[in-house]
Amino acid sequence: MKKILCTIGTRPEAIKMAPLIRALQADPAFDCRVLATAQHRQMLDQVLDIFGIVPDIDLDIMQPGQTLSGLTGRLLLRLEEVLARERPDAVLAQGDTTTVLAAALAAFHERIPFGHVEAGLRTGDLDSPFPEEMNRVVASQLSRWHFAPTGLAADRLLAEGHDGARIHITGNTVIDALHHVAATAPDPGLGLDPARRMLLVTLHRRENFGAPLQRICDALAALVRDNPDVQMVLPVHHNPSVREVIRARFSTAERVILCEPLDYAAFVGAMQRATLILSDSGGVQEEAPALGKPVLVLRDTTERPEAVMAGVTRLVGTETETIRAAAQQLLDDPAAHAAMARHHSPYGDGRAAARITAVLRRDLLGDALPMPEGVPMAA
């Protein structure tokens with residue numbers, strides 16, 4: 001039996017690691033241990049409850065007003081202690097946060113193989129997203145296994161000189177999670193008017209703090225004002241740089257529903273209810289197309305161009321008029337809306353966790369467990 005340490009720190013990481021954790025825990029060949037850094041405490045716990053995952057180790061690392069350097073330093077020291085005590089055969093982490101960077105580096109220091117779930121995403125700009133682009137570039141340099149969600153992600157890794165034998169196209173585990181939750185996702189409630197169309201908005205990206213966030217808010221306010229049959233739902237991120245701006249702008253606005261971040265099941269329900277989604281989130285760019293929901297991406301760059309290329313998401317930046325015009329077109333033109341609402345997922349078929357498990361069994365145990373049939377990405 002091989003010991004695998006799965007590290008999670010934020011809500012998106014928990015969502016995307018949950019299917020893999022469940023797959024490894026169900027496999028008698030592995031002793032899967034779960035380490036929560038709790039980089040985001042409340043939002044992480046919501047997801048763990050939905051998937052029935054209880055961390056074996058909880059670092060509870062979050063501190064008010066924490067800096068990136070302070071967080072990184074605390075994580076490295078605590079992870080060093082855990083790895084020295086646990087001595088896992090492999091460490092796995094997903095994505096691009098400080099937790100992932102620290103897990104990869106701590107595993108490297110302890111000479112423990114590291115597996116990067118959702119490897120190969122790139123914008124080519126270290127400042128966008130910040131610091132996530134740097135985190136994933138460094139994690140790739142330290143990885144024994146690159147679990148790439150798409151062929152394009154794998155191509156980026158090859159172009160950077162990574163060994164092709166260590167790159168595995170698996171699909172994205174977020175589609176596994178979405179399949180698990182979507183069939184039973186509850187109505188989000190929130191006092192929605194069933195006669196009105198719904199805009200769902202999520203905002204949290206660090207590079208949008210300040211003037212870009214103000215411009216986005218201007219666009220959102222104009223959309224609600226100009227469309228009396230529209231209501232907007234905006235779960236407010238806990239980061240004060242987002243929360244203070246959003247609440248100051250919309251706390252008394254008509255047809256704008258501000259709420260605390262929804263748990264994952266309720267958020268999937270909200271996506272299913274939405275007419276249009278505007279977001280700077282990475283995960284939403286992957287989830288919403290699989291639900292047939294158009295997404296306007298409130299960023300200047302994206303590391304997920306597959307959905308843009310497929311025509312199911314659109315990169316609109318942070319300029320007020322560009323956002324407003326793009327959203328208004330989709331609200332006014334049924335054909336334009338239908339062209340983006342095609343239930344097309346370029347990110348997976350719901351079997352990514354099984355593919356990753358098969359690779360780990362082969363490389364750690366010498367087993368020839370067959371990979372799931374089919375291609376990771378939807379046609």
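## Domains and model

The domain assignment of the protein chain gives domain 1 (2-172 + 349-365) and domain 2 (189-341), the bounds coming from an automatic or database domain assignment. This is a predicted model, in which local features need pLDDT of at least 70 and side-chain atom pairs count only at pLDDT 80 or more, while totals for chains, interfaces and linings use all residues. Residues are numbered from 1 along each chain as its sequence is written, and side-chain values use heavy atoms, with hydrogens and water left out.

Taken over C-alpha atoms, the centres of domain 1 and domain 2 are separated by 28 Å. To the contact between them (heavy atoms within 4.5 Å), domain 1 gives 27 residues and domain 2 gives 22 residues.

## The sheet of seven strands

An open sheet of 7 strands follows the order S3-S2-S1-S4-S5-S6-S7 with parallel pairing, where strands are DSSP runs of E with at least two residues, helices are runs of H or I with at least four residues, and both are numbered from the N terminus. Two strands pair if DSSP finds at least two bridges between them. The edges are taken by strand S3 (57-58) and strand S7 (167-169), each of which pairs on one side only.

Within this sheet, strand S4 (residues 90-94) and strand S5 (residues 114-117) run parallel and are joined by 4 bridges; Ala93 stands opposite His116 in S5.

## The sheet of six strands

A further open sheet is formed by 6 strands in the order S10-S9-S8-S11-S12-S13, and here too the pairing is parallel. Strand S10 (256-259) and strand S13 (313-315) stand at the edges with a single partner strand each, so one side of each is left without a neighbour in the sheet. From one strand to the next the twist averages 20°, angles running from 0 to 180 degrees between N-to-C directions, with axes that are lines fitted to C-alpha atoms, for helices over the stretch in contact.

Strand S8 (residues 197-202) pairs with strand S11 (residues 276-279) in the parallel sense over 4 bridges, and the bridge partner of Leu200 in S11 is Ile277. Helix H8 (residues 211-226) lies across S8, strand S9 (230-235), S10 and S11, and runs at about 150° to S9. Helix H10 also packs on the sheet, where it touches S8, S9 and S11, and its direction makes about 135° with that of S8.

## Helix packing around H11

Two packed helices are described by the angle between their axes and the distance between the axes. For helix H10 (residues 264-273) and H11, the angle is about 55° and the axes are 10 Å apart, which makes H10 oblique to H11; angles under 35 degrees count as roughly parallel, over 145 as roughly antiparallel, 65 to 115 as roughly perpendicular and the rest as oblique. H10 passes H11 in a right-handed crossing, meaning that the near helix is turned clockwise from the far one by less than a right angle. Tyr264, Phe267 and Met271 in H10 meet Val284, Glu287 and Ala288 in H11. The residues of this contact divide into 5 nonpolar, no polar and 1 charged, with Ala, Val, Leu, Ile, Met, Phe, Trp, Tyr, Cys and Pro counted as nonpolar, Asp, Glu, Lys and Arg as charged, and the others, Gly among them, as polar.

Helix H7 (residues 173-182) packs against helix H11 (residues 282-290) at an angle of about 50°, with the axes 10 Å apart, and H7 and H11 are therefore oblique to each other. The crossing of H7 past H11 is right-handed. Val174, Ile175 and Leu178 in H7 meet Glu286, Glu287 and Ala290 in H11, a contact with 4 nonpolar, no polar and 2 charged residues.
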